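Student: I'm new to this one. Could you take me slowly through a single part, the sheet and whatever packs against it?

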Amino acid sequence: ALIAYAGAIGQNLPAPDALEIANDENGRPFIRVNPETGEAPQISITHGGLYAAAIAAQGPCGIDLQPHKENLLRVREKYCSAAEERRLCRFLPGMAQLPRLALLWTAKEAAKKALACRHMPGFLQLELLSTQKIDGGNILTLAVAVRAEAPWPATVDIAATTFHDHGLAVCLLKKEEFYA
């Protein structure tokens with residue numbers, strides 16, 4: 001998180017004791033506000049298997065990492081509708097089932113973390129609409145179920161890829177969409 005923080009504020013790496021990471025009432029990590037500037041970037045942290053990752057940005061962000069494990073099959077109905085599974089097969093035909101499901105899981109989890117700056121949506125409030133190939137991965141576009149008490153964007157784009165038998169996804173949202 002220290003390296004991600006330094007990159008987000010465009011400065012050298014701060015001393016570990018100069019940075020305090022805490023959790024809000026929902027468990028979402030945040031950096032305590034810098035008393036000199038009154039600002040702190042948004043952060044997201046993840047771990048899975050042997051890996052961990054963090055991201056920091058000036059707006060809402062989310063990152064997630066998920067090993068390609070059988071538990072994704074057992075809990076599939078909690079995050080993947082039958083229609084989404086058919087879309088995954090159509091959009092990613094050369095990819096095996098577990099990596100496809102890991103990409104969907106991580107994309108939804110990264111989006112949930114980014115959207116949690118207002119109110120965290122459930123997995124099934126995010127629906128896979130499409131994928132687009134990019135160098136080294138995919139952009140997954142998810143529709144967001146909008147509720148009056150949480151004005152979310154209608155769709156979010158998530159960069160997702162496979163990494164050493166893991167799905168890895170990052171979601172960056174525009175700050176002005178949430179803090180206008």
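Tutor: Let's start with one facing pair: L140 stands opposite I158 in strand 8. L140's side of that pairing is strand 7 (residues 137-144), and six bridges join strand 7 to strand 8, the two running antiparallel. Strands here are DSSP runs of E with at least two residues, helices are runs of H or I with at least four, and both are numbered from the N terminus. Two strands pair if DSSP finds at least two bridges between them.

Before going on, a word on what you're looking at. This is a predicted model, where local features need pLDDT of at least 70 and side-chain atom pairs count only at pLDDT 80 or more, while totals for chains, interfaces and linings use all residues. Residues are numbered from 1 along each chain as its sequence is written, and side-chain values use heavy atoms, with hydrogens and water left out.

Now zoom out to the sheet. Five strands form an open sheet in the order 5-9-8-7-6, with antiparallel pairing. Its edges are strand 5 and strand 6 (126-134), each pairing on one side only. On average, neighbouring strands are turned by 25° against each other, direction ignored; axes are lines fitted to C-alpha atoms, for helices over the stretch in contact, and angles run from 0 to 180 degrees between N-to-C directions.

Take the strand 5 edge. Strand 5 pairs with strand 9 in the antiparallel sense over seven bridges, and L65 stands opposite L168 in strand 9. Is that edge strand buried or exposed? Seven of the seven residues in strand 5 (residues 61-67) are buried, where buried means under 20% relative accessible area, exposed over 50%, and partly exposed in between (1.4 Å probe, protein chains only). C61, I63, L65 and P67 point one way, G62, D64 and Q66 point the other way, and all are buried.

What lies across the sheet? Helix 4 (residues 97-115) lies across strand 5, strand 6, strand 7, strand 8 and strand 9, running at about 150° to strand 5.

That brings us to the largest nonpolar core, which has 29 residues; Y79, V156, I158 and C171 touch the most other members. So I158, from our opening pair, turns up again here. A nonpolar core is a set of buried Ala, Val, Leu, Ile, Met, Phe, Trp, Tyr and Cys residues joined through side-chain atoms within 4.5 Å. Helix 4, strand 6, strand 7, strand 8 and strand 9 each supply at least two residues of this core, and the largest share, 11 residues, comes from helix 4. In soluble globular proteins, nonpolar side chains tend to be buried together.

V156 shows the packing residue by residue. Leaving out residues up to four places away in sequence, V156 touches A111, L115, L140, T141, L142, V144, C171 and L173; contact means heavy atoms within 4.5 Å.

Finally, look at the loop between strand 8 (155-162) and strand 9 (166-172), where H164 is found. D165 is in that loop too. Most residues other than glycine have a negative phi. H164, though, has a positive phi of about 45°, and phi of D165 is near 60°. H164 is exposed, with a relative accessible area of 53%, and D165 counts as exposed at 59%.
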